[in-house]
Amino acid sequence: MDSSFGVVSSIVLGALVITLSSFGFQAEARAFFVFGDSLVDNGNNNYLATTARADNYPYGIDYPTHRPTGRFSNGLNIPDLISEAIGSEPTLPYLSPELTGEGLLVGANFASAGIGVLNDTGIQFLNIIRIYKQLEYFQQYQTRVSALIGAEQTERLVNEALILITLGGNDFVNNYYLVPFSARSRQYSLPDYVVYVISEYQKVLARLYELGARRVLVTGTGPLGCVPAELAMRSPNGQCAVELQRAAGLFNPQLVQMINRLNSDIGSDVFVAANAFEMHMDFISNPQAYGFVTSKVACCGQGPYNGLGLCTIASNLCPNRDIYAFWDAFHPSERANRIIVRNILEGDSKYMHPMNLSTIMALDSRT
Ligand SMILES: *[C@@H]1O[C@H](CO)[C@@H](O)[C@H](O)[C@H]1NC(C)=O
Ligand SMILES: *[C@@H]1O[C@H](CO)[C@@H](O)[C@H](O)[C@H]1NC(C)=O
């Protein structure tokens, strides 16, 4: 009796293991989900009627396929390099028709260039996926995965996933400071606006938690006033534009405080702050130390600092993208992205709070 039961149960168990591993479910890396703006968009906007797209040459010139994919980079972007670090395939854009079947179990990228925390950020880009729509798609994703592996396994996959959210820069660049006397700048002083954006961001993160997120990297904004676009438009002497630096200087510390509050309410370090400002300032203040010839001039663009207009086939293009900190007027080069992701992985408390991604991976593999 005992032994025949053993045989039957091991056959059943074997079938179960085969079923699960045929979905690549058990042995594979944890799932990875990405939310946010152009810094982390892997190509969703290619499927939308918007001008906020990176679907033309020379975008993607150093990508493995050497073709534009919708990433705002010469090659890989920050989510790609995080996928690489956790031993996972790059996430597909949620709108990609190729994201089907067991490919869904790798995760998904919901990010959309041009968006911000606020619904009125990036309105000039028309049809983009605002953050609440990204969260709605995340819910729809979970329904689709449930049909594949069941509700319980789906909940586990989401709870165990790594999540990245990058938001906030556009609430300044493509809203408050988009035009002189913008509606938001007439409504709020800068300090009051920052408090408002942070309070709305808190609702977004709380909703992400409700949807099952349990490990979320939250990047603050970079040094908004130092990007080639702002040097071209607002800096008479090549110094970082003061007002945008002030905005980032108010926003980032309040983001960390808000994350501390959320974590203490939850009673767990669900949200982890990445100090993108410091990560960028290292190579912006001392480009040569990081192997860059410049941190002011974009590789691709035109006008002062190559900071005006879009990066297109007609733009100036530098021959060696690895020696430029900025690829286009707003976005870091792949090499700069690698420096940022190394800091996310291994940085100390100056860069990562309350812990870095290596520590997260070590902790989560034990639980
Ligand atoms: C933004 O839009 C979402 C969904 O469309 C809505 O739930 C939310 O309340 C809006 N936020 C504000 C501040 O109006
Ligand atoms: C970050 O990661 C490294 C391992 O790469 C570790 O030695 C270090 O202690 C971590 N730092 C913090 C602040 O967690």
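In the predicted model, Ile 131 counts as buried because 27 C-beta neighbours lie inside 10 Å, where 20 or more are required for that class. Ile 131 belongs to helix α3, which spans residues 131–149. When residues up to four places away in sequence are left out, the contacts of Ile 131 are Phe 35, Ile 115, Val 117, Leu 167 and Val 204. One of these partners, Ile 115, is 16 residues from Ile 131 along the chain, and the two C-alpha atoms are separated by 7.1 Å.

The model contains an open sheet of 6 strands, arranged in the order β2-β1-β3-β4-β5-β8 with mixed pairing. Strands β2 (107–109) and β8 (352–353) form the edges, each being paired on one side only. Within the sheet, strand β3 (residues 162–166) runs parallel to strand β4 (residues 216–219), and 4 bridges connect the pair. In this pairing, Ile 165 is placed opposite Val 218 of β4. Helix α9 packs on the sheet, where it touches β4, β5 (271–274) and β8. The direction of α9 makes an angle of about 165° with that of β5.

Helix α9 (residues 242–266) also packs with helix α7 (residues 190–210). Two packed helices are described by the angle between their axes and the distance between the axes. For α7 and α9, the axes come within 9 Å and cross at roughly 35°, and the crossing is right-handed. From α7, the contact is made by Leu 190, Pro 191, Val 194, Val 197, Ile 198, Tyr 201, Gln 202, Leu 205, Ala 206 and Tyr 209. The residues contributed by α9 are Arg 246, Ala 247, Leu 250, Phe 251, Gln 254, Leu 255, Met 258, Leu 262 and Ile 266. By residue class, this contact comprises 16 nonpolar, 2 polar and 1 charged.

Two cis peptide bonds may be described next, together with their positions in the chain. A cis bond joins Tyr 57 to Pro 58, with omega at about 5°. Pro 58 is situated in the loop between β1 (32–36) and α2 (78–85). A cis bond also links His 353 to Pro 354, and here omega is near 0°. Pro 354 lies in the loop that runs between the edge strand β8 and helix α12 (357–366).

Positive phi values occur at Phe 181 and Tyr 305, neither of which is a glycine. Phi is near 60° at Phe 181, a residue of the loop between α5 (169–176) and α6 (183–187). Phe 181 counts as exposed because its C-beta neighbours inside 10 Å number 6, and the limit for an exposed residue is 12 or fewer. At Tyr 305, phi is about 55°, and the residue is found in the loop between β6 (300–301) and β7 (316–317). Tyr 305 is buried, since 22 other C-beta atoms lie within 10 Å.

The surroundings of ligand 2 consist of Glu 346, Asp 348, Ser 349, Met 355, Asn 356, Ser 358 and Thr 359. This shell divides into 1 nonpolar, 4 polar and 2 charged residues.

Notes: Residues are numbered from 1 along each chain as its sequence is written. Chains are lettered from A and ligands numbered from 1 in the order in which they are written. This is a predicted model: local features need pLDDT of at least 70, side-chain atom pairs count only at pLDDT 80 or more; totals for chains, interfaces and linings use all residues. A residue is near a molecule or strand if its C-beta atom, placed from the backbone, lies within 6 Å of it. Ala, Val, Leu, Ile, Met, Phe, Trp, Tyr, Cys and Pro count as nonpolar, Asp, Glu, Lys and Arg as charged, and the others, Gly among them, as polar. Helices (H or I, at least four residues) and strands (E, at least two) are DSSP runs, numbered from the N terminus. Two residues are in contact if their C-beta atoms, placed from the backbone, lie within 7 Å. Axes are lines fitted to C-alpha atoms, for helices over the stretch in contact, and angles run from 0 to 180 degrees between N-to-C directions. A crossing is left-handed if the near helix is turned anticlockwise from the far one by less than a right angle, and right-handed if clockwise. Two strands pair if DSSP finds at least two bridges between them.
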